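Trainee: Please give me a close look at one part of this model: the place where the chains meet. Set out the terms as you go.

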Amino acid sequence: MTKAIALGNNFLLTAIASSFLCWLASLHPSLLLFVQALFALKLIISATAWLLDDAIIALLGIGLLQFRFRLIGGTIGALVGVGVMLCRS
Amino acid sequence: MSLLKISALTVSGVTLWLAPPFVFSRKIPLHNFLQGVALVSGFACAFEARRCALKMAKTEEFEAMKDAAVAADVVDSIATSAYVSEQQRRNEAELLIASDSNRELLERALALSCEDEEAENVQLAQNADNELRERILQLQARGYGKAKIILEIWGVTKGGSPKYKAAEAEYKRLMQEEGV
């Protein structure tokens with residue numbers, strides 16, 4: 001139960017961070033570029049991690065399933081956070 | 001209490017994340033600023049909830065391990081006591097069996113000693129009879145009659161008394177065994 005809550009909060013943290021970046025991006029055009037660069041970097045890192053999963057799981061010492069779950073969860077969280085800020089009034 | 005705190009923090013985090021963007025306008029500077037503050041607060045709430053949840057999960061794991069250890073100890077002590085009582089019962093049974101065999105030995109020894117005593121008694125009685133018979137024969141050799149011999153040996157004068165009759169019967173038995 002508590003582990004599930006912790007995982008849910010992980011997702012929540014990613015989504016809120018993503019929303020915060022979107023809020024920052026809405027403040028100034030240069031910040032928008034900065035945030036876009038950050039999201040691009042995140043996308044590249046995620047894709048690289050997906051490709052190099054075996055090396056990374058050996059480095060982190062976690063299971064493959066757990067690693068993929070975290071990767072997919074992080075990506076979905078970021079997308080949800082961006083989606084919330086795009087849908088705001 | 002801790003679970004309640006975690007739940008409250010999680011709900012607060014979700015509310016602070018989702019409510020402001022749909023409640024406040026981004027065109028009003030104050031609203032926009034409040035949205036930022038709410039997002040930071042929501043992030044802090046979610047972070048604290050995650051930290052507490054992980055801490056509680058560790059505590060639960062430790063408690064589960066402790067319970068398992070206590071249960072294993074209880075099972076072990078029960079098994080040990082059962083084993084000890086079983087061993088004790090077996091030892092007692094073995095002692096009982098051993099004492100039974102001793103009892104048999106004692107009974108056999110007692111029976112043998114009784115047989116010896118009986119044989120001894122018979123021997124003594126025969127010796128006494130022989131002595132009496134010799135004495136009777138000696139008196140007869142001196143020319144004593146039956147009444148006088150009974151008087152000499154048993155100290156009973158001739159008559160119809162039970163003592164005399166018993167002495168007479170004894171005299172007759174001895175003489176019959178002698179074949180006189």
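Mentor: Start with contact: two residues are in contact if their C-beta atoms, placed from the backbone, lie within 7 Å. In chain A, 60% of the contacts with a separation of 6 or more join residues 24 or more positions apart. In chain B that share is 45%.

This is a predicted model, so local features need pLDDT of at least 70 and side-chain atom pairs count only at pLDDT 80 or more, while totals for chains, interfaces and linings use all residues. Residues are numbered from 1 along each chain as its sequence is written, and chains are lettered from A and ligands numbered from 1 in the order in which they are written.

Next, confidence. pLDDT is the predictor's confidence in each residue, from 0 to 100. Chain A averages 89, and 99% of its residues score at least 70. Within chain A, helix H3 (residues 53-60) has the lowest mean of the elements, 86, and H2(A) has the highest, 91. Chain B averages 85, with 96% of its residues at 70 or above. In chain B, the mean is lowest in helix H4 (residues 162-178), at 84, and highest in H1(B), at 89. For the model, ipTM is 0.82 and pTM is 0.57.

Now the elements. Helices (H or I, at least four residues) and strands (E, at least two) are DSSP runs, numbered from the N terminus. Chain A has 4 helices and 0 strands. Chain B also comes to 4 helices and 0 strands.

Burial is a neighbour count. A residue is buried if 20 or more other C-beta atoms lie within 10 Å of its own, exposed if 12 or fewer, and partly exposed in between; C-beta atoms are placed from the backbone. Of the 89 residues in chain A, 24% are buried. For the 180 residues of chain B, the figure is 12%.

With that, the contact itself. Chain A puts in 20 residues and chain B puts in 25. On the chain A side, helix H1 (2-25) and helix H4 (64-87) each supply at least two residues. H1(A) gives the most, with 15 residues. By class, that side of chain A has 11 nonpolar, 7 polar and 2 charged residues. Here Ala, Val, Leu, Ile, Met, Phe, Trp, Tyr, Cys and Pro count as nonpolar, Asp, Glu, Lys and Arg as charged, and the others, Gly among them, as polar.

Look closely at H1(A). A:Ala15 lies in this helix. A:Ala15 counts as buried because 27 other C-beta atoms lie within 10 Å. Leaving out residues up to four places away in sequence, A:Ala15 touches A:Gly77, A:Val80, A:Gly81 and B:Trp17. A:Ala15 and A:Val82 are 67 residues apart in sequence, yet 7.7 Å apart from C-alpha to C-alpha.

A:Ala17 is found in H1(A) too. A:Ala17 has 17 C-beta neighbours inside 10 Å, so it counts as partly exposed. With residues up to four places away left out, A:Ala17 touches A:Gly81 and B:Phe43. The C-alpha atoms of A:Ala17 and A:Gly81 are separated by 7.4 Å, with their positions 64 residues apart along the chain.

Turn to H4(A). Its buried residues are A:Gly74, A:Gly77, A:Ala78, A:Gly81 and A:Met85. They pack against H1 and H2 of chain A together with H1 of chain B. The expected span of a helix is 1.5 Å times one less than its number of residues. The 24 residues of H4(A) should therefore span 34 Å, and the end C-alpha atoms are 34 Å apart, which agrees.

H2(A), residues 29-51, has 23 residues and reaches 33 Å, close to the 33 Å expected. H2(A) is hardly covered: 1 of the 23 residues is buried.

Finally, the core. A nonpolar core is a set of buried Ala, Val, Leu, Ile, Met, Phe, Trp, Tyr and Cys residues joined through C-beta atoms within 7 Å. The largest one has 25 residues, and A:Ile16, B:Leu39, B:Ala46 and B:Ala49 touch the most other members. H1(A), together with helix H1 (2-23) and helix H2 (29-141) of chain B, each supply at least two residues of this core. H1(A) gives the largest share, 11 residues. B:Ala49 touches A:Asn9, B:Ile6, B:Leu9, B:Thr10 and B:Gly13, not counting residues up to four places away in sequence.
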